[in-house]
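Q: Can you walk me through this one? I would like to start with a single residue and work outwards.
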Amino acid sequence: MAKPKTFLCSACGASFSKWSGQCDACGDWNTISEERPLSAGPASKTLGAKRGSAITLTDLSTEETPPPRTLSGLDELDRVLGGGLVPSSAVLVGGDPGIGKSTLLLQAAAKFAQAGLRTLYVSGEEASAQVQMRAQRLGLAEAPVKLAAETNLRDILTTLDAERPQLVIIDSIQTMWADNVESAPGSVSQVRAAAHELTSFAKRRGVSVVLVGHVTKDGQIAGPRVVEHMVDTVLYFEGERGHQFRILRAVKNRFGPADEIGVFEMTGMGLAEVTNPSALFLSERGQPSPGSVVFAGIEGTRPVLVELQALVAPSPHSQPRRTVVGWDGGRLAMILAVLEARCGIPFAGLDVYLNVAGGLKISEPAADLAVAAALLSAREDAALPADTVVFGEISLSGALRPAPQTENRLKEAQKLGFTAAIAPSGGKTGTVSGLALTQATDLTGFVGEVFGA
Ligand code: TYD
Ligand code: MG
């Protein structure tokens, strides 16, 4: 009898007995394709199988401290990892093709090797000679990193067994294939099987493993989302095409804060660390112009200043445009609605464009007030003073809420030469951290204060 067919969703990994256009489990469209399942193992037995062992929590000796994390010396990477690489951890690094993942990980491999970790870099996309050439170009030819060009999982596990590395980098998970899975490399079942084998091997043997994953057009790591659940840390490497800045962002981290970012610049000699991202994000800023506002944000544990740019223009369309780069479109719609409902400032019939300069993506609600300021400044064609930063969250009622870490934001702004801030500060007025603070308690008050309306 023919084997029953299996269909898997590439977004969530759910399996179905027949194809459909939409996944019932996660609701995504066009993600279901036919897959051959893992070949059956030995006749399954539940009782009588090898006995596992359980320990009580108190059995864990308190004297045995966990092995220390390893610092690569690339501060931007170490911080995003939560303070260095944790032994036996599994890390997934996702990003668009060509964004610089292989470059970043080759540089990281060299640094970790120089810091004393036995490091193996497995490339499934390039031959060892190509990786060597790249290493030479990056000035890393002397680093004690072992290279392997393999895609068969069995070969890789055998290599790992022989080489006994402490850190292995798999570039990329989509090129790996297990010979007990019948579908093609890159398919859902292959990616899932390879990720599972590699992460469980890593946990068993105390090896740290870094998996490189390509992302699809809509920004998700190609392959089932279950891979993200298998690893301890998920990092995204992102950047705008045409910009040399690259941002490494922790979206999940069992060993440190999520949302931490590391900033790099792609140069002719590989990736260089950017230790002062605020200066970089503001470096392209010209004269104060309508629609431009500097937002004092917090990314992870670090304050970062960025410029928000808005353009508001009469719309020739019956349905005016709302275009956002680097921020959430839904949140923009909310700010526009609050401005209209609470302050009586309509945006109907106007196209609205909002851009976060430098290719950064921000997700903090504290950007609300800066966005509102940029929109109003563009609409009224009135520039805000160039030496002012803005931040604060806006609620649906039009009230303003103080943002966390106000002091840190103000300190960073002062360091970069700003002299004034507009923010709901929770009671503080006057000069705070060296900046003249304009208090605002609600949006109407803010509009009156800043735009005299
Ligand atoms: P790569 O690391 O191969 O990207 P990924 O692994 O994410 O697909 O990076 C490729 C791009 O980086 C390529 O467009 C060239 C550029 N690059 C530099 O600008 N400078 C360099 O020193 C290196 C190695 C690459
Ligand atoms: Mg690559």
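**Around Gly95**

A: Gly95 is buried, since 26 other C-beta atoms lie within 10 Å. A residue is called buried when 20 or more other C-beta atoms lie within 10 Å of its own, exposed when 12 or fewer do, and partly exposed in between, with C-beta atoms placed from the backbone. The model is predicted: local features need pLDDT of at least 70, side-chain atom pairs count only at pLDDT 80 or more, and totals for chains, interfaces and linings use all residues. Residues are numbered from 1 along each chain as its sequence is written, and chains are lettered from A and ligands numbered from 1 in the order in which they are written.

Q: Where does Gly95 lie, and what does Gly95 touch?
A: Gly95 is in strand 4, residues 90-95. Helices (H or I, at least four residues) and strands (E, at least two) are DSSP runs, numbered from the N terminus. Leaving out residues up to four places away in sequence, Gly95 touches Lys101, Val215, Tyr236, Phe237 and Glu238. Two residues are in contact if their C-beta atoms, placed from the backbone, lie within 7 Å.

Q: What does UniProt place at Gly95?
A: An unreviewed UniProt entry gives the feature "binding site" at Gly95, Asp96, Pro97, Gly98, Ile99, Gly100, Lys101 and Ser102. UniProt positions are given in the numbering used here, feature names are shortened, and annotations may be inferred rather than shown by experiment.

Q: And Ile99, buried or exposed?
A: Ile99 counts as buried because it has 21 C-beta neighbours inside 10 Å. Ile99 sits in the loop between strand 4 and helix 2. Its contacts, not counting residues up to four places away in sequence, are Phe237, Glu238, Gly239 and Arg246.

Q: Which residues are closest to ligand 1?
A: Gly100, Lys101, Ser102, Thr103 and Gly270 are the closest of the 15 residues that surround ligand 1. A residue is near a molecule or strand if its C-beta atom, placed from the backbone, lies within 6 Å of it.

Q: Which helix gives the most to that shell?
A: Helix 2 gives the most to the shell around ligand 1, with 3 residues. Helix 2 (101-114) and helix 3 (128-137) each supply at least two.

Q: How many of the shell residues are charged?
A: The shell around ligand 1 has 3 charged, 7 polar and 5 nonpolar residues. Ala, Val, Leu, Ile, Met, Phe, Trp, Tyr, Cys and Pro count as nonpolar, Asp, Glu, Lys and Arg as charged, and the others, Gly among them, as polar.

Q: New topic, the sheets. In what order do the 8 strands run?
A: The 8 strands form an open sheet in the order 15-16-14-13-17-20-22-21, with mixed pairing. Strand 15 (322-325) and strand 21 (430-432) are at the edges, each with a single partner strand, so one side of each has no neighbour in the sheet. From one strand to the next, the twist averages 30°. Two strands pair if DSSP finds at least two bridges between them.

Q: How many bridges are there between strand 14 and strand 16?
A: Strand 14 (residues 302-314) and strand 16 (residues 350-356) pair in the antiparallel sense over 7 bridges. Within strand 16, Asn355 stands opposite Gln309. Helix 9 packs on the sheet and touches strand 13 (292-299), strand 14, strand 16 and strand 17; its direction makes about 35° with that of strand 14. Axes are lines fitted to C-alpha atoms, for helices over the stretch in contact, and angles run from 0 to 180 degrees between N-to-C directions.

Q: What about the sheet of 3 strands?
A: That open sheet has the order 2-1-3 and antiparallel pairing. Strand 1 (residues 6-9) and strand 3 pair over 4 bridges, and Cys9 has Ile32 in strand 3 as its bridge partner.

Q: Where is the cis peptide bond?
A: The cis peptide bond joins Asp171 and Ser172, with omega about 5°. Ser172 is in the loop between strand 7 (167-171) and helix 5 (188-205).

Q: Last one: what is phi for Asp381?
A: Phi of Asp381 is near 55°, a positive value in a residue other than glycine. Asp381 lies in the loop between helix 9 (368-380) and strand 17 (388-390). Asp381 is exposed, with 10 other C-beta atoms within 10 Å.
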